[in-house]
Amino acid sequence: MITAGVFFAAFLLVVVLVTVGAFGPPNLRLTHYLQGRGSFGQDLGLGIFAYLGSIELTLVIAALLGVALFRGLRLLAILPLAVILVATGLELLGKLVIPSVPPGKALQRFPDILPKLGHDVGNYSFPSGHVLRATIAYGLVLYLAERWELFGRDSSRLSPILVLVIFFVGYAVVYLGWHWFSDVIGGLLLGLTLLFGLIAYLERKRLVNPGHAPVED
């Protein structure tokens with residue numbers, strides 16, 4: 001929980017910096033830099049990649065994790081799903097009260113040929129919900145793979161892939177003009193806060209009730 005507290009303190013610091021406008025020029029420069037190196041193929045690829053942080057997909061992942069790993073334990077079975085929903089609620093609250101005006105229409109690069117994602121949920125854009133949910137969902141998969149051997153003994157090989165998924169979701173939402181870099185940092189820090197809080201709870205359950213951990217065939 002100490003780690004979660006450190007990430008939450010960092011999140012609050014970013015909130016203060018966003019509120020006073022400290023990220024303004026760096027945000028704009030980074031977005032222009034990323035888009036200046038873009039192409040339609042990149043628009044399409046990153047547009048598809050952004051789905052990995054959508055509420056629909058992350059809820060499905062959380063539900064599958066709960067059912068597969070914690071069946072018979074009602075609280076644990078719904079916990080990943082509940083944390084994603086709480087995170088989305090915090091995203092909505094942040095976008096209502098934290099003054100971070102989103103990128104304008106001139107910076108939007110999401111291809112029209114792809115189905116639209118419902119990422120506009122308020123007047124402001126802080127924090128990034130896609131990064132927030134991706135951090136929790138794929139961070140939880142990484143933890144369960146390492147500590148609970150979710151995919152067997154070779155689960156650790158997934159670690160670099162899962163970290164890259166979170167990174168590219170963040171890259172995608174900035175490149176597509178949905179969010180500023182500060183929104184991504186905020187989403188990442190808030191996601192890590194909730195993720196490490198969840199991990200601390202699961203570790204306590206794992207150590208106190210080792211029989212709840214998955215048993216190898």
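## Exercises: one exposed loop residue, one buried helix residue

I113 sits in the loop between α5 and α6; helices here are DSSP runs (H or I, at least four residues), numbered from the N terminus. This is a predicted model, where local features need pLDDT of at least 70, side-chain atom pairs count only at pLDDT 80 or more, and totals for chains, interfaces and linings use all residues. Residues are numbered from 1 along each chain as its sequence is written, and side-chain values use heavy atoms, with hydrogens and water left out.

**Exercise 1.** Decide whether I113 is buried or exposed, then find its contacts.

*Step 1.* Buried means under 20% relative accessible area, exposed over 50%, and partly exposed in between (1.4 Å probe, protein chains only). I113 has 62% relative accessibility, so I113 counts as exposed.

*Step 2.* Contact means heavy atoms within 4.5 Å. Setting aside neighbours within four places in sequence, I113 is in contact with F40 and L44.

*Step 3.* Now try the backbone: the C-alpha atoms of I113 and L44 are separated by 8.7 Å, with their positions 69 residues apart along the chain.

**Exercise 2.** Place T58 in its helix and describe its surroundings.

*Step 1.* T58 belongs to helix α4, residues 55-70.

*Step 2.* With a relative accessible area of 0%, T58 is buried.

*Step 3.* Not counting residues up to four places away in sequence, T58 touches L52, G53, I84, R133, A134 and A137.

**Exercise 3.** List the contacts of I136.

*Solution.* Leaving out neighbours within four places in sequence, I136 is in contact with V83, I84, A87, G191, L194 and L195.

Key:
Helices (H or I, at least four residues) and strands (E, at least two) are DSSP runs, numbered from the N terminus.
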